[in-house]
Amino acid sequence: MKITTFFIFLIIHISAFSQQITFREYSATKNDNSTINIDGKFNEQAWLDANWESQFVQYRPYEGKSPHQQTEFAIIYDKNNIYIAIKALDNQPDSITTRLTRRDMTEGDEVSVSLDTYNDKRTAFSFSVSAAGVKADQIINEGASQDNTWDPIWWVKTAITREGWNAEMCIPLTQLRFEEGNEQIWGMQISRYIFRLDESSLWQPMKREQAGYISKFGTFRGISDIKPKNTLDIIPYVVGRMERFEKNPDNPFLSSGKKHGFNAGLDAKIGITNFLTLDMTINPDFGQVEADPSKVNLSTFETFYQEKRPFFIEGKNILNYKLDIGEGEWARDGLFYSRRIGRRPNYNPQLNPGEYSKVPEFTRIMGAAKLTGKTKNGWSIGILESLTSEENAEIQNIDNKRTQVVEPLTNYLVGRIQKDFNQGNTYVGGMVTAVNRKTGNPHLNFLHKSAYAGGIDGVHKWNNQMWSIQGGVYFSQVNGSTTAISRTQKSYIRNYERPDADYLKYDSTRTSLSGYGGKISLNKLGGRFKFSNTVTWKSPGLEINDVGFAQGVDRLQQSIWASYQIYEPFFIFRSLSANASEFAMWDFGGNRNLIGISITGNAQFTNFWYATTSLGFNGEQQFNTSLRGGPSLKSPGSKSVSLSLRTNPQKKLTFQFNGQSAVSNEKDYSKSLGTSINIGYRPLNTLRFDITPGMYKSTGELQYVSQSHYNDATRYIFARIKQNTLNMSFRINFSLTPDLTIQYWGQPFFATGEYSDFKHITDSKAEEVADRYNFYNNNQISFNNDWNSYLIDEDEDGNVDYYIGKPDFNVKTFLSNLVLRWEYFPGSTVYFVWSQSRNGYVNNGSFDLNRDFKSLFNETANNIFLIKLSYRIGR
């Protein structure tokens, strides 16, 4: 009976008739006399005379139906501000969820106002507040991810009443971008979320099957005779810093065990016009930013780290140019990767016996400026300019002191422009990046002297945005010494010297290298059934990593993705979706590197639990980078499965389980298992604890170890690896008020790798896996304790032909960060920060949690204490 019911509901939802949506209008009321006190009470005469509107409808879960609780709102304005009053009616006010969190991390009941002040159907400014009074604000871009890094200056107060809860907002006109005129006509959407019901309702009805969001807003009228006002915010800051670490009497840089420092700088936000804003920072300090989590990377691909520095994350969408289309690991590649600016110096000084060095952890950013905005004619503009200083390492022994340049003076320039056409259904754009270094020191000639990249892209949507085609092409050129360009040609991601790549030509005399790439995709965006067909390509010569990010080049990728979604509740589900994808990749020599398919299902159940599961099947692979400059290496196909399960987030105690497993199609070739569990507990609305232990175990027959030369041939040496990783993240979020919060994050991390069954590659593309390598027998390999190395006597003549350093590792780290943040005045903050790190390493691959845990916390801690005060001067 249950199965029959399931299919009846499924048929009903597949054949559901889509009704036409009627667009709504709202007119604001001008406030000429009343002074509005932002207190959430609406007791001024202006609110009594205002135009109150209701008639909200459900968006989720039951689209188009009446919500369980109705919402009313009114909007008034004067020459300086827009005021918004929202009554979130609720016949169970004791059930309203008021959880305190940090800004932009709202949790609980919430209301939101989104304004398309450009009226371009593509861009909206969103202002949200939870019932607890926590702000959230973001810029929404049609067809792109939301940018919640935007933090305008505005005021809001909430109040719980017998009829529900109220939110009263004051948004200064300086924070909005609009064209001067007799009457403003904007797009508008007002939404409400009821946490305990997981229910969303909207003022302007929408259908989830329809593509687009901002383009489906209602109309906001009635504001007249207001003038655009430019932003002017100057925010000076001061920082005091104290560091404590282990004393080392022999090292002059560590002999005292402590350091102190003072710093000052300036941030500014200046409205050049009403549409263009200049953000500036002079001598920025990011000491309050949380450290990156620990990782061990044994692959040839660079690890991607998220940007966390406020100057670079605010408004980052306008400077985004992806090399690929869609989401996932491949979609991280882009022409601009802001973590390049202020990175760790590229050069490590060469020390003589008895010398010690002090190398800067990061390259100092002397200054940066960012001009962003959108004009009334539909031009979106983003320009970033940054200058980083020349950095020197201090080197000292008993008798002498000297310095050595480890990073040259460098200038970064990034520019992005886009133009809207056809009521926001079409846009074209372009982007350029430039990096110029002052590489006058011979030991820095491995760096590019200059690096340039650029691209054009565009999107066209039709049939009420049901369909789209998007694409782009891009290029790069790097210049430098023959050493620098040779190093680029030999880098693992392109391997110009790869012996089986007849389509690549290595040239040791080159002083420049150019490359190109592109992308094109046909997409069905609306309806229950959606799909995308995408092709991307990156030539071997493409090099954007001076200020961009590309994990791999020399690849042509193709993928097809399809999805079917059921939005409304039926049977045991609140919502259900399934998708499948096919993907393949070739190099520019026509060799297929990868092929596979994946199937994924997502569900929310009627008990508010969530589940996601996926299956993956990869065919035989051929990796061009595995031998680090050698020929490509075939690898057997594999199968994988993953599962994610999350309990009801409305509960005080929550759990989330994530697990994934993969196994090779070749017996005993490779397998992996990874799991993590998040346990969240909220004993109070102001306090939340999270503990997230994670474990990863893997074994692999072919893990790269080293290279050696033997009888005029290169030996590519591999081994079987047994790898164990264990980490546990702790988070505490304590919000005393929406503007005063305490956050703690800590993570012990353990990773080991044990190598065995050493072998060397003989025929990397042999049909049979066993024919691709030869094991070293007991007469050929022996371990020397004095050298801590494996000695290889390949011809068994009693003489050592070459040796391998013991590759086993045991890495232990502990990172923690405690931050008290107080926004004592809008835009003005105080930070108190305590950061601690502990690190340990031994050349041993065994895993023993009890031993390693004790060893880690026997390591001496490095402690940093920091106080940062900023004060906003502006309007």
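**Contacts, strands and hollows**

User: Which residues does Gly 753 touch, leaving out those up to four places away in sequence?

Analyst: Gly 753 touches Ile 721, Lys 722, Gln 723, Asp 808, Phe 809 and Gly 845. Contact here means heavy atoms within 4.5 Å. Before we go on: this is a predicted model, where local features need pLDDT of at least 70 and side-chain atom pairs count only at pLDDT 80 or more, while totals for chains, interfaces and linings use all residues. Residues are numbered from 1 along each chain as its sequence is written, and side-chain values use heavy atoms, with hydrogens and water left out.

User: What makes Gly 753 count as buried?

Analyst: Its relative accessible area is 0%. The label buried needs under 20% (over 50% is exposed, in between is partly exposed, with a 1.4 Å probe and protein chains only), so Gly 753 is buried. Gly 753 lies in strand β41, residues 740-761. A strand is a DSSP run of E with at least two residues, a helix is a run of H or I with at least four, and both are numbered from the N terminus.

User: How about Ser 468: where is it, and why does it get its label?

Analyst: Ser 468 sits in strand β27, residues 467-479. With 2% relative accessibility, it counts as buried. Its contacts, not counting residues up to four places away in sequence, are His 460, Lys 461, Trp 462, Ser 521, Leu 522, Asn 523 and Leu 525.

User: Where is Glu 794, and is it buried or exposed?

Analyst: Glu 794 is in the loop between β44 (789-792) and β45 (802-805). At 12% relative accessibility it is buried. Not counting residues up to four places away in sequence, it touches residues including Tyr 710, Arg 715, His 760 and Tyr 802.

User: How do you know that the side chains of Glu 794 and Tyr 802 make a polar contact?

Analyst: They come to 2.5 Å. A polar contact is a pair of N or O atoms within 3.5 Å; within protein, one must be able to donate a hydrogen and the other to accept it, and residues adjacent in sequence count only if both atoms are side-chain atoms. So the pair qualifies as a polar contact at 2.5 Å.

User: What makes β38 and β39 a pair?

Analyst: 11 bridges join β38 (670-684) to β39 (687-710), and the two run antiparallel. Two strands pair if DSSP finds at least two bridges between them, so these strands pair. Gly 674 stands opposite Tyr 696 in β39, and a hairpin joins β38 to β39 through 2 residues.

User: And which sense of pairing do β39 and β40 have?

Analyst: β39 and β40 (713-737) are antiparallel too, over 21 bridges, with Thr 699 opposite Lys 722 in β40. They form a hairpin with 2 residues between them, and Asn 711 in the turn has a positive phi of about 50°.

User: Why do β2 and β11 count as edge strands in their sheet?

Analyst: The open sheet has 5 strands, ordered β2-β4-β5-β12-β11, with mixed pairing. β2 (29-30) and β11 (155-161) each have a single partner strand, so one side of each has no neighbour in the sheet. β2 pairs with β4 (71-77) in the parallel sense over 2 bridges, and Thr 29 has Ile 76 as its bridge partner in β4.

User: What makes a hollow a cavity, and how many of 30 Å³ or more are there?

Analyst: On a 1 Å grid over the protein atoms alone, a cavity is a set of points where a 1.4 Å probe fits but cannot get out; a pocket is an open set with protein on both sides within 12 Å along at least five of seven lines, and lining residues have an atom within 4 Å of a point. There are 2 cavities of 30 Å³ or more. The second largest has a volume of about 50 Å³, where volume is the space filled by probe spheres set on points joined across faces, edges and corners. The largest share of its lining, 3 residues, comes from β26.

User: What is known about the second largest pocket?

Analyst: It holds about 620 Å³ of space. Of its 22 lining residues, Glu 302, Arg 343, Arg 487, Glu 543 and Asn 545 are the closest to its centre.
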